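Trainee: I have a structure open and would like to go through it piece by piece. Can you take my questions as they come?
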Amino acid sequence: MASLGGNISPPEFLSPKLFFAGIAGVVFFAIGLVQLHPKQRKGDNEGPSLSRSLLLFFYSCFLKPHSAGNKGTQEDALESFYSSQAEIYDVTRKTLLKGREDMLALVAAQLRFKAEKNEGKEKHRRIWVDVGGGTGWTIEAMGRYLNVPTFFSSVYLVDLSPSLAKVARQRFARLGWDNVKVVVADAREFRLEDYECDISGDQTPIGSPPSFFSRKRPRTMGADLITMSYSLSMIPDYYSVIDSLTSLLSPNGLMGVIDFYVQSKVDTNFRNYTGGLVNRHVNFLSRTFWRAWFDLDRVALEPGRRDYLEYRFGTVLTANARNNTLGSIPYYIWLGCHKKPFSSSSLPHEIIERIDALATESPYLLPANKNAVTNALTRAVERTAPEIRSKAFSAAVQNLSASLPLPSFFYQNHHWRIYYDDQLEKHKQFNDEYIYAFTWEDSHVDDDILRLGPDDVVLAITSAGDNILSYAIKSPARIHAIDLNPSQNHLLELKVASYMALSYDDFWRIFGEGKHPEFRSLLISKLSPHLSSRAFQYWLSNSHAFDPRGRGLYDTGGSKHAIRIFRWITRAFRCRGDVKRMLAARTLNEQIEIWQSKIRPALMSRIVSSLVISSEVFLWSALGVPRNQLAMIEQDHAESEAVKGPNQTAGNTRAHAVWRYMVNTLDPVVQHSHIATDNPYYYVCLEGSFSQRCHPEYLSREAHSRLSRAGAFDGLRIHTDEIDEVIARIMPGTLTVAVIMDSMDWFDPGSGAAARQISKLNRALKIGGRVLLRSSALNPWYIQEFEAHGFAGKCMGKRTPGKRIDRVNMYASCWVCTKRDNLPPPTPELEVAPDADLDDISI
């Protein structure tokens, strides 16, 4: 470790009696562990026995008096603490220092990604500096993830304890790793140019006395990797150490830190640069106890250490966890880089305008062809949309003006995910849970209607991301995926990352079967470089969703309630086996016979409809049907032949309306589509997974081959916001397609909100641009609003009793509204002239 430290006084209320009673309890606990552990075999001379190691550990940590030595330096203090336990350090810290392997795996994944990205380019020496590396355990453990002797040209273990350094030298001599050098030094004074012959700083003038402070840091090179494993909490003057690391790290270098911590959410809720706050809050009792406990060992857990680290560097990934083996000790893993993304020499305005362009379709991203865009575009955009800036732009300006790091989204390897504030109530209302684990829109019908091409710019609701991926297969110029629920976008991010990093077999197990025994390991070692920090945090804390011992991915999210209720109904009516038989049916006639004779009488019984299906709570939580959409279903039912016809067959009630809607949905599906081979939407509901014969297009081997190519998702932008907020910030006249699913059904007809959104869609779309929507109503009221705002509406299909409009058949109608006219002020057209000059374009 770098040094002992500790700047927290023992709590005044801790009396000597309580203190020694606690120590006695710890000692007896250790003795108990020794008794339970198998005795050491004779002839085993590798080190002290376990019992001796544990007793020595507790004596050194809690009973032995420590002094600062004759000189009163940190090195003397460290020797007083570690000299008697250096040989047993690794044995006694294995359980205590949890998560070190995860930190190394995350760091290794990032380094491999960078190496693959730069393959074929000019090679340079890779240097790793492990600050407070102690006995060298961290460096040896990295060998599980990277070939340390070949991947790194030089590795430096920097520690202030000679006793620990001695153990480290013995370790690397045993391993034969000649590229590892153990340096006993203060981390603040360590300089690579003192050890690397090809790195030179500015020379001191001849005749001048040598001075450490007169020497400047090298300008061009530094460490590609700096790690700190449970050492930051033991450094008293952590400010100066962290400051020194900013000069030690190379411009494109990476830092990895793992350590204990305690912190209240009050400290961090207002920060947008921490990379997410999942599990970061530690309750009052835990904060108080662990700070007092570790202070006995002079380990400081105050939050200022992590806070300053996050202030001085940009956050790439971060995770908060608990060591449940030892009383749920809080610890964190943090990966960071220099504050300025893209390169340490980037100018602030270059950074924020590049990110701004990713979100708004700015001309900043147009091809670098000076004859591509006219000055008329610039003037038109400035005249009609001078205020267009993304929320990422606003956040970046605010942070840069306060000398804060940018939000973690700016430091990702891919800029798919656009910045959002996860502390807003509109995002928190979903309680970190997505509603849909799979998408309910038929991708074949979308493809037939839209016929996407390479020039299309598509805006679509994310949902579970399946439809976004089916669009990506067609390689449009851009796809803007939008969802207010952050977790829905986390799911899309996971699918995109899996294309980039996993083989088809692993991809299929995760999203085809919905289960993978090694999901957590794949998340850390392969997927993490392709995820935003918040998406990574989310899946790290929800990795159990893919546990083979559970029900899998497709039994998660809000829609799981509908699936579980269906499972409960089939068991209650003793037809669960018939569901299996229907999925195994070889012919459509066999499927229809099982449905009509066994399953339909149970599922569509009036009692089930009255008690379960027609419940407003069930419709919202399980199926995502809001109140306004339910009102549209009831209105269509009230005007139907079943209610108004001469032979009335249904009452004008909600229960009858929902029942009739479900009959018109399910009966045609069973009668006209073979579920086992051609209806993945219902197959996954009934089986809990997809099959190789029946799955969405994005799960095919061909789709994986296409979307795993380099650059396949360069045009993807993932927005976590309302549709209104996103389209209001997209450059006018740039969209060609907007797929808004059934979102218009959610509007109140009397509020005017639908008309405002339609106006914004008109402004964002080109002339001839199309809006594809679905509705639970046969004749949605808002089609007239589209027609009043420059669109021409066309019905692409209506569901009638006994007939379906697609394989899902969940909606009563499907519409395409095509933009015919601009609304005032006019949408600027993207004119092209041969004498255009991009230098004249102002952002």
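**A walk through the model**

Mentor: Start with what covers the buried residues of α32, which includes α17 (443–450), α23 (560–572), α24 (576–583), α30 (654–672) and α31 (675–678). Keep in mind that this is a predicted model.

Trainee: Which residues of α32 are buried?

Mentor: Pro 680, Tyr 681, Tyr 682, Tyr 683, Val 684, Cys 685 and Leu 686. That makes 7 of the 8 residues of the helix, which spans 680–687, so α32 is largely enclosed by the rest of the structure.

Trainee: What happens just after α32?

Mentor: Gly 688 follows, and its phi is positive, about 85 degrees.

Trainee: Back to Cys 685. What is its relative accessible area?

Mentor: It is 15%. Buried means under 20%, so Cys 685 qualifies. Cys 817 is buried too, with a value of 0%.

Trainee: How many disulfides are there?

Mentor: The count is 0 disulfides. For background, a disulfide is a covalent bond that links the sulfur atoms of two cysteines.

Trainee: Let me step back. How many helices and strands does the chain have?

Mentor: There are 36 helices and 14 strands. The chain has 843 residues, and 56% of them count as buried. Its accessible surface comes to about 36700 Å², with 53% of that belonging to carbon and sulfur atoms.

Trainee: And the contacts, what share comes from residues 24 or more positions apart?

Mentor: Among contacts with a separation of 6 or more, such residues account for 76%.

Trainee: Now another helix, α28. How far does it reach?

Mentor: Helix α28 covers residues 627–638, which is 12 residues, and it reaches 16 Å from its first C-alpha to its last. That is close to the 16 Å expected at 1.5 Å a residue.

Trainee: Which of its residues are buried?

Mentor: In α28 they are Gln 629, Leu 630, Met 632, Ile 633 and His 637. They cover an arc of only 155 degrees around the axis, which puts them on the same side of α28.

Trainee: Why would residues that are not next to each other point the same way?

Mentor: An α-helix has 3.6 residues a turn, so residues three or four places apart point the same way.

Trainee: Strands next. Is β9 enclosed or open?

Mentor: Strand β9 runs over residues 478–482, and 5 of its 5 residues are buried, so β9 is largely enclosed by the rest of the structure. Both faces are covered: Arg 478, His 480 and Ile 482 lie on one side, with Ile 479 and Ala 481 on the other.

Trainee: Which strand is joined to β9?

Mentor: Strand β8, residues 457–461, is joined to β9 by 5 bridges, and the two run parallel. One bridge pairs Val 457 with Arg 478 in β9.

Trainee: Ile 482 turned up in β9. What about its contact Asp 721, where is that?

Mentor: Asp 721 sits in the loop between β10 (716–719) and α34 (723–727). Its relative accessibility is 8%, so Asp 721 counts as buried. Beyond its neighbours within four places in sequence, Asp 721 is in contact with Lys 391, Lys 426, His 427, Ile 482, Asp 483, Leu 484 and Val 726.

Trainee: Pick Lys 426 from that list. What does Lys 426 touch?

Mentor: Not counting residues up to four places away in sequence, Lys 426 touches Lys 391, Leu 484, Asp 721, Glu 722 and Glu 725. Lys 426 lies in helix α16, residues 425–428, and is partly exposed, at 21% relative accessible area. Its C-alpha is separated by 7.5 Å from that of Leu 484, which is 58 residues apart along the chain.

Trainee: New topic. Where is Val 299?

Mentor: Val 299 is in the loop between α11 (284–295) and α12 (304–312). Val 299 is buried, with a relative accessible area of 5%. Leaving out residues up to four places away in sequence, Val 299 touches Ser 233, Met 234, Phe 260 and Phe 294.

Trainee: Last one. What is the phi of Met 741?

Mentor: About 50 degrees, a positive value although Met 741 is not a glycine. Met 741 lies in strand β11, residues 735–741, and counts as buried at 7% relative accessibility. Ser 328 is not a glycine either, and its phi is positive, near 65 degrees. Ser 328 is in the loop between β6 (314–323) and β7 (329–337) and is partly exposed, at 28%.

Methods: Residues numbered from 1 in each chain as written. Predicted model: local features only at pLDDT ≥ 70, side-chain atom pairs only at ≥ 80, totals over all residues. Heavy atoms only, no water. Disulfide = S-S within 2.5 Å. Buried < 20%, exposed > 50% of the residue type's maximum accessible area, 1.4 Å probe, protein only. Helix = DSSP H or I, 4+ residues; strand = E, 2+ residues; numbered from the N terminus. Expected span 1.5 Å × (residues − 1). Arc of directions from axis to C-beta. Contact = heavy atoms within 4.5 Å. Areas by Shrake-Rupley, 256 points an atom, 1.4 Å probe, with all protein chains shown as cover. Pairing = 2+ DSSP bridges.
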